[in-house]
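Student: I have a structure open and would like to check the labels people put on it. Can we go through them one at a time?

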Number of protein chains: 10
Amino acid sequence: MLFHVRMDVHLPPDLDPEVRADVVAREKAYSQQLQREGKWPHLWRVVGEYSNISVFDVESNDELHELLSGLPLFPYLTIRVTPLATHPSKVPDPPR
Amino acid sequence: MLFHVRMDVHLPPDLDPEVRADVVAREKAYSQQLQREGKWPHLWRVVGEYSNISVFDVESNDELHELLSGLPLFPYLTIRVTPLATHPSKVPDPPR
Amino acid sequence: MLFHVRMDVHLPPDLDPEVRADVVAREKAYSQQLQREGKWPHLWRVVGEYSNISVFDVESNDELHELLSGLPLFPYLTIRVTPLATHPSKVPDPPR
Amino acid sequence: MLFHVRMDVHLPPDLDPEVRADVVAREKAYSQQLQREGKWPHLWRVVGEYSNISVFDVESNDELHELLSGLPLFPYLTIRVTPLATHPSKVPDPPR
Amino acid sequence: MLFHVRMDVHLPPDLDPEVRADVVAREKAYSQQLQREGKWPHLWRVVGEYSNISVFDVESNDELHELLSGLPLFPYLTIRVTPLATHPSKVPDPPR
Amino acid sequence: MLFHVRMDVHLPPDLDPEVRADVVAREKAYSQQLQREGKWPHLWRVVGEYSNISVFDVESNDELHELLSGLPLFPYLTIRVTPLATHPSKVPDPPR
Amino acid sequence: MLFHVRMDVHLPPDLDPEVRADVVAREKAYSQQLQREGKWPHLWRVVGEYSNISVFDVESNDELHELLSGLPLFPYLTIRVTPLATHPSKVPDPPR
Amino acid sequence: MLFHVRMDVHLPPDLDPEVRADVVAREKAYSQQLQREGKWPHLWRVVGEYSNISVFDVESNDELHELLSGLPLFPYLTIRVTPLATHPSKVPDPPR
Amino acid sequence: MLFHVRMDVHLPPDLDPEVRADVVAREKAYSQQLQREGKWPHLWRVVGEYSNISVFDVESNDELHELLSGLPLFPYLTIRVTPLATHPSKVPDPPR
Amino acid sequence: MLFHVRMDVHLPPDLDPEVRADVVAREKAYSQQLQREGKWPHLWRVVGEYSNISVFDVESNDELHELLSGLPLFPYLTIRVTPLATHPSKVPDPPR
């Protein structure tokens with residue numbers, strides 16, 4: 001089940017550089033783990049902004065909230081979730 | 001080059017049913033042609049709305065505008081384009 | 001899986017009274033059928049507005065979109081869906 | 001009498017962890033007390049946000065304000081109240 | 001129990017003058033009946049707008065919705081309801 | 001001459017408790033003095049918010065600004081003023 | 001007593017040209033009469049918009065509403081009134 | 001003197017095709033005349049929208065309003081003007 | 001050439017009182033100098049807000065930006081500039 | 001390929017003056033380097049605001065994001081990117 005997620009990052013400019021480096025590194029590892037598990041199939045940077053547009057693939061709303069609230073950057077994020085459905089004009093992706 | 005596109009459809013409720021069926025059918029054919037050409041790799045329905053969230057893959061801004069303004073539903077659409085860049089935490093997709 | 005749904009109805013004041021009565025009657029029947037099936041557990045009127053706030057209980061995003069886009073009033077509705085998760089402070093409801 | 005309430009929590013990321021843990025614990029106890037008394041019949045987490053959507057059941061506007069302004073997290077909350085009325089299409093809940 | 005209500009009137013400029021005069025006259029009679037019953041204690045015009053700001057005094061949310069949705073102008077109104085509580089600094093009104 | 005005034009209070013959560021208690025006490029005294037003088041005939045709390053909706057009765061715009069900018073809480077307030085006029089459907093209040 | 005007024009004109013593009021010419025001519029005459037009486041001391045066009053920014057000088061809110069609601073274009077206007085006060089840094093205008 | 005201008009075109013989908021073709025052709029001729037005179041040095045299409053972003057070079061606000069209100073599409077446009085100044089970091093353009 | 005300018009002042013409540021008094025005094029002197037030179041012909045306080053609505057009379061956009069960015073309060077201001085043109089219904093001011 | 005970019009600068013008023021001078025100087029050098037390379041062909045100041053409106057000319061979305069996120073002021077900027085296409089009414093610029 002797919003969800004569109006936009007995340008805007010608001011790290012204070014005066015955040016301690018070590019704290020910042022640490023949380024950003026943990027965020028990257030966390031994100032890549034979820035990508036490898038197939039939970040986070042799409043991740044793009046919004047041009048010119050410290051933001052991303054993502055698509056998550058989860059079993060339930062509860063699972064999605066658990067994944068998102070576990071993001072190391074969560075206290076600094078504005079997150080907006082939009083549930084997605086199959087579009088009737090969608091041409092099926094070819095089998096891998 | 002990827003662009004995030006949200007389209008909200010505003011077909012007047014009192015539109016002639018034949019006109020409506022015709023434009024919707026032409027929209028579907030047009031969309032599926034672009035999907036098969038690889039120009040429109042993602043297309044999702046927004047749950048509860050007559051809207052879609054899409055990703056286009058084009059060579060240039062001009063090409064994207066040509067594709068979007070050629071949509072049979074274009075006069076009835078509100079379209080919002082967001083340019084996408086590679087995210088530094090993105091795990092590369094496996095080769096097909 | 002629960003979703004919060006707000007629906008604002010925009011019926012044109014000059015709509016033919018018979019058309020209006022028919023669509024409103026079909027909406028009521030459709031809604032009550034879903035309530036009886038347990039798909040639409042909460043339905044409230046927003047005071048002073050021709051709007052409702054609802055909670056739907058469905059298996060998937062696709063099912064929710066199918067239910068909402070099948071509403072007889074759908075062409076006249078502005079719908080806003082918000083996915084809900086379990087709240088960690090929630091006291092479990094007593095068994096029925 | 002039912003009221004729809006949305007609460008968005010804005011705890012500063014640099015809040016002292018003990019202060020934070022204390023206020024969050026008191027909030028939980030306060031919330032669960034009201035739930036047990038039947039004043040706060042619905043409480044959901046908004047997926048991806050540090051927010052909840054709730055329904056309160058109170059005797060009066062004054063009682064509702066007293067309950068909300070007494071929330072331990074009140075100084076950190078943005079609260080938006082919407083009065084609810086009975087919907088004419090509502091199928092009565094079965095007796096417990 | 002008091003509620004703050006703002007109503008913005010959107011009568012189409014090309015509405016039939018007789019229809020318009022009729023609905024406006026019925027609105028006035030309806031409003032004055034509620035004022036005399038003490039249900040609508042305050043009614044002011046917003047300067048420069050075809051809008052009013054009102055205070056209603058009712059027993060319940062359901063009663064308020066019944067009163068508002070019965071306004072002859074209801075199909076042409078945008079209504080926004082805000083529940084009011086007693087202010088702790090309020091000096092009691094002198095007895096009449 | 002009547003003006004509708006909405007005030008939203010933004011006291012920082014970490015304000016020194018004594019400073020806070022002092023400014024809130026002075027605000028109350030100031031408000032009650034204006035109420036007794038008949039300048040501030042209506043004062044209500046907005047349910048769930050640290051906000052009030054008020055009606056002021058003054059001789060001029062200059063007098064209103066003097067009263068509002070003299071509020072002890074003024075540096076912490078967002079204030080929105082709306083001028084009110086007599087509504088043509090208003091039933092005169094009975095003489096006191 | 002001064003009030004800042006912004007008016008945005010929304011004349012439907014398909015309005016009968018004679019009706020349009022008539023209402024625009026009456027608006028001009030009405031405006032110029034008020035200007036000559038000193039009630040409407042400032043009137044500017046907003047560049048690129050069918051809008052004006054004005055300052056009115058009236059005795060009361062009621063007078064202002066009477067003047068504005070009497071505008072021939074009133075049914076086609078969005079009007080926003082802002083009360084003005086004397087600024088403490090204002091250098092007095094030289095006597096005429 | 002430069003001004004940034006955004007124009008959004010709102011042509012009704014059911015406009016008579018001949019009327020539409022005529023006004024669009026006159027708009028193009030008008031625009032190209034101003035471009036050749038150097039009054040309208042930049043004109044870009046916003047990707048995916050029936051909108052343009054332009055820069056005008058005029059002697060005065062009055063001249064700009066005269067040019068914009070003379071656009072054949074003016075009744076169908078939403079226009080937003082932003083005055084521009086020289087940026088202190090601007091590298092002078094090379095002489096032509 | 002006239003420009004409408006709205007300025008909203010955001011001085012932090014905890015600003016050092018001497019710093020505050022100094023910047024406010026310099027702002028007043030700067031403003032009065034521009035008023036005496038005829039550059040700042042109108043200056044009004046917005047009732048209930050720490051804001052002003054002004055009209056500037058300058059030779060060019062560059063001059064206006066120079067004047068505004070030189071305001072001692074500039075780092076604490078939100079400024080919104082709207083270019084003004086002559087209104088076709090304006091009755092000429094009598095000669096002084 | 002052209003992109004319209006608006007940047008709003010939010011430097012805290014209490015930023016250390018040396019830090020401020022340093023980042024502003026580096027921003028200027030960075031900007032002028034990109035202008036000389038032809039990547040940043042237009043740069044204007046928005047009158048009255050600490051903001052600019054720019055046009056960038058790049059090969060791809062990725063290049064644009066790299067340029068923008070490399071701005072020394074990036075942590076203090078709100079950036080909004082709008083892709084531009086060729087306008088069908090554009091008169092070609094004369095050859096240099």
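Student: Why does I:Arg26 count as partly exposed?

Tutor: Before anything else, keep in mind that this is a predicted model. I:Arg26 has a relative accessibility of 44%. Buried means under 20% and exposed means over 50%, so 44% falls in between and I:Arg26 counts as partly exposed.

Student: What makes I:Arg26 and I:Asp22 a salt bridge?

Tutor: Their closest N and O atoms are 3.1 Å apart, and the cut-off is 4 Å between a side-chain nitrogen of Lys or Arg and a carboxyl oxygen of Asp or Glu. That puts the pair inside the limit, so it is a salt bridge. Both residues sit in helix H1 (residues 17-36) of chain I, four residues apart, which is about one turn of the helix. In an α-helix there are 3.6 residues a turn, so residues three or four places apart point the same way. The partner, I:Asp22, is partly exposed too, at 39% relative accessibility.

Student: What makes A:Lys39 and A:Glu63 a pair that ties parts of chain A together?

Tutor: Their side chains meet in a salt bridge, with 2.7 Å from N to O. A:Lys39 is in the loop between H1 and S2 of chain A and A:Glu63 is in helix H2 (residues 61-69), so the bridge ties together parts that are 24 residues apart in sequence. A:Glu63 has a relative accessible area of 16%, and since the cut-off for buried is under 20%, A:Glu63 is buried.

Student: Which parts of chain F does the pair F:Glu49 and F:Arg6 link?

Tutor: F:Glu49 is in the loop between S2 and S3 of chain F, and F:Arg6 is in strand S1 (residues 2-9), 43 residues apart. Their closest N and O atoms are 2.9 Å apart, within the 4 Å that a salt bridge allows. The two labels for exposure fall on either side of the 20% cut-off: F:Glu49 has 18% relative accessible area and is buried, whereas F:Arg6 has 22% and counts as partly exposed.

Student: How many salt bridges turn up in the whole structure?

Tutor: The search finds 50 over all chains. In chain A, a network of salt bridges links A:Arg6, A:Asp8 and A:Glu49.

Student: How do you know that the length of helix H1 of chain F agrees with what is expected?

Tutor: H1(F) has 20 residues, and at 1.5 Å a residue they should span 28 Å; the end C-alpha atoms are 28 Å apart, so the two agree.

Student: What puts the buried residues of H1(F) on the same side?

Tutor: The buried ones are F:Val23, F:Glu27, F:Ser31, F:Gln32, F:Leu34 and F:Gln35. They cover an arc of only 165 degrees around the axis, which puts them on the same side of H1(F). They pack against strand S2 (42-46), strand S3 (51-57) and helix H2 (61-69) of chain F. On the other side, F:Glu18 and F:Arg36 are exposed.

Student: What is found at the two ends of H1(F)?

Tutor: At the start, a side-chain oxygen of F:Asp16 comes to within 2.7 Å of the backbone nitrogen of F:Glu18. After the helix comes F:Gly38, with a positive phi near 80 degrees.

Student: Why is F:His4 called buried?

Tutor: F:His4, in strand S1 of chain F, has a relative accessible area of 8%. Buried means under 20%, so the label fits. The side chain of F:His4 also makes a polar contact with that of E:His4, at 2.8 Å, inside the 3.5 Å limit. Other residues in contact with F:His4 include E:Ile53, F:Ile53 and F:Leu84.

Student: What makes up the interface of chain A and chain B?

Tutor: Chain A brings 30 residues and chain B brings 31 residues. About 2800 Å² is buried between them, with 60% from carbon and sulfur atoms. There are zero salt bridges, but 16 residue pairs are in polar contact.

Student: How do you know that chain B and chain D do not touch?

Tutor: No contact joins them, and their closest C-alpha atoms lie 15 Å apart. Contact would need heavy atoms within 4.5 Å. Chain D and chain J do not touch either, with their nearest C-alpha atoms 18 Å apart.

Definitions and conventions. Residues are numbered from 1 along each chain as its sequence is written. Chains are lettered from A and ligands numbered from 1 in the order in which they are written. This is a predicted model: local features need pLDDT of at least 70, side-chain atom pairs count only at pLDDT 80 or more; totals for chains, interfaces and linings use all residues. Side-chain values use heavy atoms; hydrogens and water are left out. The expected span of a helix is 1.5 Å times one less than its number of residues. Buried means under 20% relative accessible area, exposed over 50%, partly exposed in between (1.4 Å probe, protein chains only). The arc is that of the directions from the helix axis to the C-beta atoms. A polar contact is a pair of N or O atoms within 3.5 Å; within protein, one must be able to donate a hydrogen and the other to accept it, and residues adjacent in sequence count only if both atoms are side-chain atoms. Buried area is the accessible area (1.4 Å probe) that two parts lose on being put together, summed over both.
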